[in-house]
Amino acid sequence: MTHDAPACERDATQPDIAPDMTTQGLSLAYGSVAVIEDLDLQLPAGQVTAIVGPNGCGKSTLLAGLSRLLKPRGGTVLLNGTDIRHQPTRQLAKRLALLPQQPHAPEALTVAELVRFGRHPHQSWLRQWSADDKACVDEALELTGLTTLAERPVDALSGGQRQRTWIAMAIAQQTATLLLDEPTSALDLGHQVEVYELIQSLAASGKTIVMVIHDLVSACRYADHLIAMYQGHVIAEGLPSQTVTPELVKRLYGVDCTLMTDPATGAPLLTNVRRTRDVLDGSAT
Amino acid sequence: MRVLTHYLSFGKPRSLIGLWLGLSGLLIAIALLSLLYGAGDVGPSRAWQALQDLGAAASYDSEARFVIAELRAPRLWIGLVVGVALGVAGALLQAVTRNPLAEPGLLGVSAGAAFAVTLAILWGADTATLRVSVAQLGALGGCLCVLAAARLQGIGNDPVRLILAGAILSGLLHSLSSLILLYDQHTADEIRFWVVGSLAGRQLDDLVPLFPSLGVAALLTILLARPLAALALGEHVAIGLGHHPRVVRLLVIVVVALLVGGATAAAGPIAFVGLVVPFAARALAGPDIRRTLWLCLPLGPIVVVSADIVSRLVVPPSELPLGVLTALIGAPVLIGVVRGRRLPTL
């Protein structure tokens, strides 16, 4: 960026502090099937929160509810104390960015073009493209290390670069909160680390990150706050190192394990994972 | 100098403008040809002379002047409007259904419009204005029927099956229209040439009632282009960016109905223009709906007007109806698209 280019600054109407996101008595359902009932939750500001749990535990449903994709059957999702359903969706899009699971870019769309979509909530039909928008897109490309790839088609990139492009789009949205649904599914180990480190750096810059992830070990490694869900209920939450216990792992996934501490990072580490005997007998609980 | 080389080497913005200007030039040439060539006695040289005399108070060749001003020019204008309407409608429908095969003629939109107009003529409506609104309502009905059927069956994701649902509805509506025509001689006379789609024998007055609704459609298209482009990233991404996919989809369908209904009221159902034009536009400009729409503006009339020229010349001294000709051209294109290595995802 040159010196006189306008800097990418957050909308002045947005509060400076990282927002707090809470749910009160949140109930979510698909059709007549209740998935989550009466959930009270607090998501810490400026940290990476990972929602984990077995398949079908309601973690993706919870994320859909937090991001207004799914209308609650009861209760509310509050962002800075305001019900998200009482905010126009475009206003909300300036506060809350969302990355669905495995999004698909149209053929031949370039990295820069995709990232520019992130400016949509800040643009109107009369004010389509400003120097401010350009600054934000440039900054998002730089943060994600994609500046040199800006003119490349998204579908020609590696999986990790592609996911970084989508995250760059969400960054260009200039929101304080970012919700990610399994941001590393279908990525190999190297690309996973690439994406997780980017997410960590975003949280370090003050964003509140909430992500659903499958892999408990990565959750322990990269999250500041862990939410463990089982059958629609939060059964444990807190610092990974204080929350994850062999009992919790057993309850969540029906496996026994030995818990160690990663000597390099201090994060909990699962070893000797094996199926619990009584699961095989068909009496898990 | 560096700025200039950077600008020239920079792909898309320049090439879009270049393409657009090139195609517009082509369109002007084709429009001129459509004034010069026809099925009747007035050949190109007489027409050219008469065109040069148009500005003069008195013409030396009043027959040629009449043919150009009263027959060929109205036909050209209608061809231009119909071409834009059908090309844009096709691009919009394909974007909103995320289906590269979604063509107004194949999705029951044109058939709905034609059936509604047949009914209206049967019941004695003969004013052009009424015909336009009836056709637009019919187009909306046909479109919603097919999309609802597709949704009920959960086949929205399969491009070919959506077209199948449209073909079934189109077939049904065409049969019903034919049935009405069998039993009602007056309606049949009124409508015979109209139901196959043709620009022949239309007058400029047929165009005037279209303008209000086409103006609304143009305005809505401009407003919808951005959200529609975001919708191509997926419904959830679009919501995350602050758009309202449901509202956008509904409005796009209304625009498609306005455009296709209007075009059908003016020229009868003309199939495959809405398939061929966006297909070519995407091939030239990439998948972004905003670029596609820009290129549809010159491409639509290019296809319709040149097809109209050919329709006058292939079987002299009579004419081949335009709808027949576009089907002859469009059907192989459709087969080609379906059989292609893979369907482009939208």
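## Reading a loop lysine and its surroundings

Me: Where does A:Lys71 lie in chain A?

Reply: Find helix 1 (59–66) and strand 4 (74–79) of chain A: A:Lys71 sits in the loop between them. Keep in mind that this is a predicted model.

Me: Is A:Lys71 buried or exposed?

Reply: You read that from the relative accessible area: over 50% is exposed and under 20% is buried. A:Lys71 has 58% relative accessibility, so it counts as exposed.

Me: Which residues form the positive surface patch?

Reply: Lys and Arg are the ones that count as positive. Here A:Lys71 and A:Arg85 form the patch together with B:Arg151 and B:Arg246.

Me: Okay, now A:Gln123. Is that one buried or exposed?

Reply: Use the cut-off again: A:Gln123 is buried because its relative accessible area is just 3%. You'll find A:Gln123 in a loop too, between helix 3 (111–116) and helix 4 (131–143) of chain A.

Me: What does A:Gln123 touch?

Reply: Leaving out residues up to four places away in sequence, A:Gln123 touches A:Arg90, A:Gln128, A:Trp129, A:Asp133 and, over in chain B, B:Arg226.

Me: How many helices and strands are there in chain B?

Reply: Just count the elements: chain B has 14 helices and 0 strands. Of its 346 residues, 53% are buried.

Me: And how do I read the contacts in chain B?

Reply: Look at how far apart in sequence the touching residues are. Take the contacts between residues at least 6 apart: 74% of them join residues at least 24 apart. As for the outside, the accessible surface of chain B is about 15,600 Å², and 69% of that belongs to carbon and sulfur atoms.

Note on methods
Residues numbered from 1 in each chain as written. Chains lettered and ligands numbered in written order. Predicted model: local features only at pLDDT ≥ 70, side-chain atom pairs only at ≥ 80, totals over all residues. Heavy atoms only, no water. Patch = residues over 30% accessible without salt bridge, like charges linked within 9 Å, V, L, I, M, F, W, Y side chains within 5 Å. Areas by Shrake-Rupley, 256 points an atom, 1.4 Å probe, with all protein chains shown as cover. Salt bridge = Lys/Arg side-chain N within 4 Å of Asp/Glu carboxyl O. Charge placed at Lys NZ, Arg CZ, Asp CG, Glu CD. Helix = DSSP H or I, 4+ residues; strand = E, 2+ residues; numbered from the N terminus. Buried < 20%, exposed > 50% of the residue type's maximum accessible area, 1.4 Å probe, protein only. Contact = heavy atoms within 4.5 Å.
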